[in-house]
Each structure stands twice: as C-alpha cells, then as structure tokens.
Amino acid sequence: MNVTIIGSGNLAWHLAPALDNTDYHIREVYSRKRSHAEALAERLYGARVHDTLDFSGSSSRIFIIAVADDAITDVVHNVILPNDAVLLHTSGSQPLNLLAYAATSRIGVFYPLQTFTKSRKVDFQDVPVFIESADSQTEKILVHMGRAISKKVHSISSSDRRSLHLAAVFASNFTNHMLALSKDVIETTDLKFEWLKPLIAETINKSLTLGPEAAQTGPAKRGDLEILDMHLAMLQNDPALAEIYRVISQNIVDRYDEG
C-alpha cells in the first residue's frame, strides 16, 4: 500500500524508513522546508518530494501527519486528499476528532511510544504502537500497518492515550531533564558527569526490574532531613534549582512517610 508522509521531524525520520522496508511504500514526503523533505526522501527507496498539501492526484492511500502538535490543525484544514484516503496523525496528546475537519471519513491515530532523535537508530520492532480509528475498516488498516513494523500494537482511546502521553513525559522528558540538572551540578566543580553513568544505568535497570517504588533510595526516602537541609544550603545561589530539589524531595518524603 502506498503511503505519504507529511512532516520531516524526528518521528518521520524513523517511521518512514521503517514502513518503507515493508509492503508499505513511501511515495511522497511533504515538509514546509523542502530541504528537510529532500533529506528524508533520500533515506527512502522511491519517494519524491511533494511541494504542496494538494494530494488530489496522489497514488497513496494512507496519509500520515507527523508534525508538531500545534501544526496538525493547519495541515488538516489545508490538505487536499484523493477519494477514499486514510488520514492519520501520530500525536500522543491530540484527540482523534482533531482530524474530523478533513475531507475524509477514514481517520485514525498511529502513535509510536518512543523518544526519537535523528542521530540515534531505533528498532521499531520493540516500539509499542497505539492506534485509534473512527471505523472498523480503518482499524484493520492500522492494525496491519502497525504489525508490519512492531511486535506490540494496541488499540487505545483518545483519553487513555492522553494519560499515557502524560506518564511518558514524566518517564522520559522529566527524567532526562533531571540528568541534565545533575550534569549542571557536577560540572560546577572539576568533577565529571562520566562518573555518574554507572549509577544512572543501575537506577534505570533496577527501577524496571523491581518497580520504581521498590527501587527508591536516597535521603528523602529515608527521611534524612539533615542531608536534605545540607543539599538545600549548597543550592542557595540557585533558587530555581533549590526549589526543584525541595519540591521533589518533599514529594518523596510524603510518599514514603510511614509515620
């Protein structure tokens, strides 16, 4: 089945080749920046760059919107599709009915739950794909396409997907930001972030093996107020970071307080 990709960001960069290596052939790539579309098309077997959102003459059946959340509505209002087209978005936080304004009744969501960066390879077989559709025929198309690239395909509602996305922000984006803050702290001295890497790896592995609640350690978990006060004193010249430390530490204390 022929597919068109609308967008050229991190997700499109990985999703398009993953599909192109199956029976789903990427025929067109559209991006607001032609150079970005050209770079993605070069990674594919027979895709060409499409310069507008007018796909009325396209041979594709499936059109995947893989753009930033705040750009989806603009695409939906301006895209012109061939008859019987299937239009999908890939957002974790946006509802299915965001596509309702498009000139097709075949709409759906195809949401791979993973963090994507262009410079880092991702094995899609291990990426769970969450789908939602407006009708059973579209759902069959989504299930088939999902199983072509992933061993884990799940149907999910818009509200549950929104909750999943929120949990993912805590698990991925916030965790990574904590690592960035720890790098900032350690690099204010002559110490090296490299020394923390074994600790970081063991923390993640232990949390996944034991479960995050069983794996929690540290002064806040122990209720060691003396250490917490000492750390806050060390952060007195950075009020914003001190507040992050205080709020998170208090949340851990409250969660594990056996008092």
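Is phenylalanine 170 buried or exposed? Phenylalanine 170 is exposed, with a relative accessible area of 51%. That is a friendly place to start a walk through this predicted model, and the points below go from the surface to the interior and back to the charged pairs.

1. **The patch around phenylalanine 170.** This residue is found in helix H5, which covers residues 158-186. Together with Leu166 and Phe174, Phe170 makes a nonpolar surface patch of about 330 Å². If you have the structure open, H5 is the helix to turn towards you for this one.

2. **Helix H1 and its cover.** H1 runs from residue 10 to residue 20 and is mostly covered, with ten of its eleven residues buried. Those buried residues are Leu11, Ala12, Trp13, His14, Leu15, Ala16, Pro17, Ala18, Leu19 and Asp20. Their packing partners include three helices and strands worth colouring at once: strand E1 (2-6), helix H2 (34-41) and helix H4 (136-149). Strands E2 (25-30), E4 (62-65) and E6 (106-112) also pack against the buried residues of H1.

3. **The largest nonpolar core.** As background, nonpolar side chains in soluble globular proteins tend to be buried together. Here the largest nonpolar core has 36 residues, and the members that touch the most others are Ile26, Ile62, Ile64, Phe110 and Met145. Two or more residues each come from E1, H1, E2, H2, E4, strand E5 (86-89), E7 and H4. H1 gives the largest share of this core, seven residues.

4. **Isoleucine 64 up close.** Leaving aside residues up to four places away in sequence, isoleucine 64 touches Val3, Thr4, Ile5 and Ile6. Its contacts also include Leu15 and Leu19, as well as Leu88, Thr90 and Met145. Of these partners, Leu15 and Leu19 are among the buried residues of H1.

5. **A separate core.** Apart from the largest core lies another, of 22 residues. Phe63, Val75, Val76 and Ala102 are among its members.

6. **Aromatic pairs.** The count comes to four aromatic pairs. In one of them, tyrosine 111 and phenylalanine 130 are tilted, at 6.5 Å centre to centre with 40 degrees between the planes. This pair links distant parts of the chain, since tyrosine 111 sits in strand E6 and phenylalanine 130 in strand E7 (residues 129-133), 19 residues apart. Tyrosine 111 counts as buried at 7% relative accessibility, and phenylalanine 130 counts as buried at 12%. Phenylalanine 116 and phenylalanine 124 form a stacked pair, because their ring centres are 5.6 Å apart and their planes are at 25 degrees. Both of these rings belong to buried residues: phenylalanine 116 has a relative accessible area of 10%, and phenylalanine 124 has one of 5%.

7. **Asparagine 78 and tyrosine 101.** Asparagine 78 has its place in helix H3 (residues 69-78) and is partly exposed, with a relative accessible area of 41%. Tyrosine 101 is 23 residues away from asparagine 78 in sequence, and their C-alpha atoms are 9.8 Å apart in space.

8. **Aspartate 51 and arginine 34.** The structure holds twelve salt bridges. One joins aspartate 51 to arginine 34, with the closest N and O atoms 2.4 Å apart. Aspartate 51 lies in the loop between strand E3 (48-49) and E4 and arginine 34 in helix H2, so the pair ties together parts that are 17 residues apart in sequence. Aspartate 51 is exposed, with a relative accessible area of 54%, whereas arginine 34 is partly exposed at 40%. Arg34 and Asp51 also join Glu38 in one network of salt bridges that share partners.

9. **Aspartate 84 and its two arginines.** The side chain of aspartate 84 meets that of arginine 61 in a salt bridge of 3.5 Å, N to O. Aspartate 84 lies in the loop between H3 and E5 and arginine 61 in the loop between E3 and E4, so this pair ties together parts 23 residues apart in sequence. Aspartate 84 is partly exposed, with a relative accessible area of 44%, and arginine 61 is partly exposed at 21%. Arginine 106 also meets aspartate 84 in a salt bridge, at 3.2 Å, N to O. That second pair links arginine 106 in strand E6 with the loop between H3 and E5, 22 residues apart. Arginine 106 counts as buried, at 15% relative accessibility.

Note on methods: Residues are numbered from 1 along each chain as its sequence is written. This is a predicted model: local features need pLDDT of at least 70, side-chain atom pairs count only at pLDDT 80 or more; totals for chains, interfaces and linings use all residues. Side-chain values use heavy atoms; hydrogens and water are left out. Buried means under 20% relative accessible area, exposed over 50%, partly exposed in between (1.4 Å probe, protein chains only). Helices (H or I, at least four residues) and strands (E, at least two) are DSSP runs, numbered from the N terminus. Contact means heavy atoms within 4.5 Å. Rings of Phe, Tyr and Trp (its six-membered ring) pair if their centres lie within 6.5 Å; planes under 30 degrees apart count as stacked, over 60 as edge-to-face and the rest as tilted. A nonpolar core is a set of buried Ala, Val, Leu, Ile, Met, Phe, Trp, Tyr and Cys residues joined through side-chain atoms within 4.5 Å. Patches are made of residues with over 30% relative accessible area and no salt bridge: like charges are joined within 9 Å, nonpolar side chains (Val, Leu, Ile, Met, Phe, Trp, Tyr) within 5 Å. Accessible areas come from the Shrake-Rupley method with a 1.4 Å probe; for residues, only the protein chains shown count as cover. A salt bridge is a side-chain nitrogen of Lys or Arg within 4 Å of a carboxyl oxygen of Asp or Glu.
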